[in-house]
Amino acid sequence: MAAVLAALATACAVGAWRLAFARWPWRAPRAAILLWQSLGVTWGLATVGAMLAYALEPYGGGVLYGLRAFAESAISFGMGYGLMKPYDLPRVAALVAGLALLAVLVVVLLAAGAQTLRARRRHRVLLSLIARDDPGVPGVRVVDHPGAAAYCLPGLRSEVVVSAGTLSLLDADELTAVLAHEAAHVRERHDLVLLPFTALCWMLPWLSVVRNAHSSVALLVEMAADDRARRYCSPRRLATALLRFGTAGAVPAPNGAMGAAGEQVMARVNRLIKPGVALPRRFRYSLVTFSVLLSVSAPLLWIYPG
């Protein structure tokens with residue numbers, strides 16, 4: 001079982017590396033985002049599971065059964081009840097490494113979420129002091145800043161913020177397109193999509209596959225919001241607005257927020273002006289089905305008494 005889980009983790013890493021350089025995900029960003037999430041979850045559980053499966057192999061019954069049996073025997077009869085010896089260093093090391101990696105993954109994810117929530121809370125307090133309402137853009141907070149800025153603060157009390165510079169830079173149709181883009185971020189909770197990949201970048205900043213995964217998912221999130229905005233505005237208007245942001249030197253979105261001028265603006269502009277053929281529905285449904293099956297594979301292997 002350890003070999004199967006290790007092979008699954010390796011396959012997920014290779015798949016993530018190849019997916020980061022593929023261009024077909026641009027034709028179906030939502031399905032590709034789901035695939036990225038399934039690859040990340042499966043890689044984490046398979047990597048941890050491979051270490052634990054090797055360590056707990058003397059108990060049989062799978063990873064979860066082995067963990068319970070090891071805990072019961074360690075409490076009642078000492079280390080491993082005669083099955084895992086203290087001097088069996090490779091298995092002891094694998095057990096410690098697996099549990100440590102699992103703890104680190106959970107702690108880093110929680111820490112990234114906590115930091116994001118704190119940053120949003122501080123920014124909301126700041127907005128309550130400096131932002132104002134504008135009857136020309138109802139439901140949007142306006143900051144008196146000459147630079148071009150448009151972003152959203154997702155959450156239970158989500159807010160969309162634009163600067164006075166943005167209001168003077170964009171015409172009415174372009175502003176509608178940008179606001180539709182930000183509303184898509186809020187509605188689809190793209191911040192939660194990015195959070196695990198941000199946490200992985202904190203944990204493994206030296207791994208290029210992790211950095212590429214974060215960059216790819218961030219771009220797909222922006223493209224998914226662009227696609228949602230296209231339902232309410234002209235794609236060319238959104239493309240023009242993005243170009244205006246780029247030439248005006250858009251102000252970066254604050255920590256914890258998601259801005260309109262996000263990842264790889266020119267790639268998004270080209271996609272809006274010259275959209276490629278969407279992936280066939282059958283392919284998208286197959287991709288979603290594969291992603292779901294991949295996501296449940298590692299948990300099932302944890303239970304399987306192989």
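**Notes on a five-stranded sheet and its surroundings**

1. In this predicted model, a good place to begin is strand β4, which is mostly covered, since five of its five residues are buried. The covering applies to both faces of β4: Glu159, Val161 and Ser163 are buried on one side, and Val160 and Val162 are buried on the other.

2. What is the order of the strands in the open sheet? The five strands follow the order β1-β2-β4-β3-β5, and their pairing is mixed. The edges are taken by β1 and β5 (258-259), each of which has a single partner strand, so one side of each is left without a neighbour in the sheet.

3. The two pairings made by β4 illustrate what "mixed" refers to in this sheet. Strand β3 (residues 150-153) pairs with strand β4 (residues 159-163) in the antiparallel sense, over four bridges, whereas β2 and β4 pair in the parallel sense, over three bridges. On the β2 side, valine 143 has serine 163 in β4 as its bridge partner; on the β3 side, leucine 153 has glutamate 159 in β4 as its bridge partner, and cysteine 152 stands opposite valine 160 in β4.

4. The connection between β3 and β4 also deserves a look, because the two strands form a hairpin with five residues between them. Within the turn of this hairpin, glycine 155 has a positive phi of about 140 degrees. Helix α4 (residues 89-130) lies across β1, β2, β3 and β4, and the helix runs at about 120 degrees to β3.

5. Is valine 140 buried or exposed? Valine 140 has a relative accessible area of 7%, and because buried means under 20%, valine 140 counts as buried. This residue lies in the loop between β1 (131-133) and β2 (141-143). Leaving aside residues up to four places away in sequence, valine 140 touches Arg132, Asp133, Asp134, Val160, Val161, Val162 and Leu179. Although valine 140 and valine 160 are 20 residues apart along the chain, their C-alpha atoms are separated by 5.3 Å.

6. How many disulfides does a search of the whole structure find? The search finds zero disulfides. Cysteine 152 is in no disulfide, and the nearest cysteine sulfur, which belongs to cysteine 233, is 16 Å away; a disulfide would need the two sulfur atoms to be within 2.5 Å. Cysteine 201 is likewise in no disulfide, with the nearest cysteine sulfur, that of cysteine 12, at 17 Å. As for its surroundings, cysteine 152 has 0% relative accessibility and therefore counts as buried.

7. A last point concerns two helices, α2 (residues 29-55) and α7 (residues 190-203), which pack at an angle of about 45 degrees with their axes 11 Å apart. The two helices are therefore oblique to each other, and their crossing is left-handed. Where they meet, Ile33, Trp36, Gln37 and Trp43 come from α2, while Val193, Phe197 and Leu200 come from α7.

Notes:
Residues are numbered from 1 along each chain as its sequence is written. This is a predicted model: local features need pLDDT of at least 70, side-chain atom pairs count only at pLDDT 80 or more; totals for chains, interfaces and linings use all residues. Side-chain values use heavy atoms; hydrogens and water are left out. Buried means under 20% relative accessible area, exposed over 50%, partly exposed in between (1.4 Å probe, protein chains only). Contact means heavy atoms within 4.5 Å. Two strands pair if DSSP finds at least two bridges between them. Axes are lines fitted to C-alpha atoms, for helices over the stretch in contact, and angles run from 0 to 180 degrees between N-to-C directions. Angles under 35 degrees count as roughly parallel, over 145 as roughly antiparallel, 65 to 115 as roughly perpendicular and the rest as oblique. A crossing is left-handed if the near helix is turned anticlockwise from the far one by less than a right angle, and right-handed if clockwise.
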